[in-house]
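Q: Got a minute to walk through this model with me? I'd like to go over the loops, the sheets and the packing.

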Amino acid sequence: MNQTEKTDTIRLSDQQILQAFVDSKALQKGHFHLTSGRHSDTYIQCARVLEQPRLTIALARETIARLPAGTAVDMVASPAVGGILFGFAVASILDKNLIFSERVEGRMHLRRSFALAPQYRVLIAEDVVTTGGSVRELIALVEEAKAEVVSVVALIDRGSKPDFGYPYYPLLTLEAPSWSPQECKLCQNGKKLQSPGSRSLAKR
Ligand SMILES: [Zn+2]
């Protein structure tokens, strides 16, 4: 067996996947002020994984390895922005094309002359699924084109595990509870609040 084949067969355990998110600081524990205004003890910044191409590719490889045997894909589709990097890694490993949808005036569209042929078997790849809104809108675009959604894959599901009506395989499922500031126990315990998602508070 040569080196390439060996690398191809490396599998990641759930524990190794979780550790990769912790090591890259994509997953942080503390007391966080989320952009929604709610507080949480968990902060997920998937971009910290996606900024590392080799790690992203390793996670994409594991995602594909976990799909049911015989899963056939003609094209990968991702919702912009975060989904594109993960989708690129997935599409590259599958040696298929990647298209992405973008939000224009609040609605998802396929722009840039991207087209879905009828009967195309489309794998949808997203980075983080919170409520699954973007994925649902992309599914609607695939259905409109009379193409077929094979399944949905994601790097992280934030615990909501939405029913997309198609097989759904998040690599990591993470319960990330959040509370209103009034009901936040961390506030009551006087734990220092961080605002990692807020650009206005970041030092320039
Ligand atoms: Zn709080």
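**Loops, sheets and packing**

A: Sure, let's start with a loop: P167 sits in the one between strand 7 and strand 8 (168-173). Keep in mind that this is a predicted model.

Q: Is P167 buried, exposed or partly exposed?
A: P167 counts as partly exposed, because 13 C-beta neighbours fall inside 10 Å.

Q: And how far is P167 from D14, C-alpha to C-alpha?
A: The two C-alpha atoms are separated by 19 Å, and the residues are 153 apart along the chain.

Q: OK, on to the sheets. What is the strand order in the six-stranded one?
A: That open sheet runs 5-4-3-6-7-8, with mixed pairing. Strand 5 and strand 8 are the edge strands, each pairing on one side only. On average, neighbouring strands there are turned by 25 degrees against each other, ignoring direction.

Q: Does anything sit on that sheet, and if so, which helix?
A: Helix 4 packs on the sheet and touches strand 7 and strand 8. The direction of helix 4 makes about 135 degrees with that of strand 8.

Q: How do strand 6 and strand 7 run, parallel or antiparallel?
A: Parallel, joined by eight bridges. As a landmark, V128 stands opposite I156 in strand 7.

Q: Is strand 7 mostly covered or mostly open?
A: Mostly covered: eight of the 10 residues in strand 7 are buried.

Q: What about strand 3 and strand 4, how many bridges there?
A: Five, in the parallel sense, with strand 4 covering residues 97-104. M75 stands opposite N97 in strand 4.

Q: What's the other sheet like, and which strands are in it?
A: The other one is an open sheet of three strands in the order 1-2-9, paired antiparallel. Strand 1 (27-33) and strand 9 (178-179) are the edges, and each pairs on one side only.

Q: How many bridges hold each pair together there?
A: Strand 1 and strand 2 are joined by five bridges, while strand 2 (residues 39-44) and strand 9 pair over two. For the partners, K29 bridges to T42 in strand 2, and H39 bridges to W179 in strand 9.

Q: What's in the hairpin between strand 1 and strand 2?
A: Five residues lie between the strands, and G37 takes a positive phi near 95 degrees.

Q: Which residues other than glycine have a positive phi?
A: S113 is one of them, at about 65 degrees, and K146 has a phi near 65 degrees. Most residues other than glycine have a negative phi.

Q: Where are they?
A: S113 is in the loop between strand 5 (107-110) and strand 6 (121-129). K146 is in the loop between helix 6 (133-144) and strand 7 (148-157).

Q: Are S113 and K146 buried or exposed, and why?
A: S113 is exposed because it has 6 other C-beta atoms within 10 Å. K146 has 11 within that distance, so K146 is exposed too; the cut-off for exposed is 12 or fewer.

Q: Where is there a cis peptide bond?
A: A cis bond joins A80 and V81, with omega about 0 degrees. V81 is in the loop between strand 3 (75-79) and helix 5. Most peptide bonds are trans.

Q: Speaking of helix 5, how does helix 4 pack against it?
A: Helix 4 (residues 53-65) and helix 5 (residues 82-94) pack at an angle of about 65 degrees, their axes 9 Å apart. The crossing of the two helices is right-handed.

Q: Which residues meet there?
A: From helix 4 you get T56, I57, A60, R61, T63 and I64, and they meet L85, F86, A89, V90, I93 and L94 of helix 5. By class, the contact has nine nonpolar residues, two polar and one charged.

Q: Last topic, the core. How many residues are in the largest nonpolar one?
A: The largest nonpolar core has 48 residues. Those with the most contacts inside it are A77, V90, V122, I124, V142 and L155.

Q: Pick V122. What is it in contact with, leaving aside neighbours within four places in sequence?
A: V122 is in contact with D74, M75, A77, L116, V142, A147, E148, V149 and V150.

Key:
Residues are numbered from 1 along each chain as its sequence is written. This is a predicted model: local features need pLDDT of at least 70, side-chain atom pairs count only at pLDDT 80 or more; totals for chains, interfaces and linings use all residues. Axes are lines fitted to C-alpha atoms, for helices over the stretch in contact, and angles run from 0 to 180 degrees between N-to-C directions. Helices (H or I, at least four residues) and strands (E, at least two) are DSSP runs, numbered from the N terminus. A crossing is left-handed if the near helix is turned anticlockwise from the far one by less than a right angle, and right-handed if clockwise. Two residues are in contact if their C-beta atoms, placed from the backbone, lie within 7 Å. Ala, Val, Leu, Ile, Met, Phe, Trp, Tyr, Cys and Pro count as nonpolar, Asp, Glu, Lys and Arg as charged, and the others, Gly among them, as polar. Two strands pair if DSSP finds at least two bridges between them. A nonpolar core is a set of buried Ala, Val, Leu, Ile, Met, Phe, Trp, Tyr and Cys residues joined through C-beta atoms within 7 Å. A residue is buried if 20 or more other C-beta atoms lie within 10 Å of its own, exposed if 12 or fewer, and partly exposed in between; C-beta atoms are placed from the backbone.
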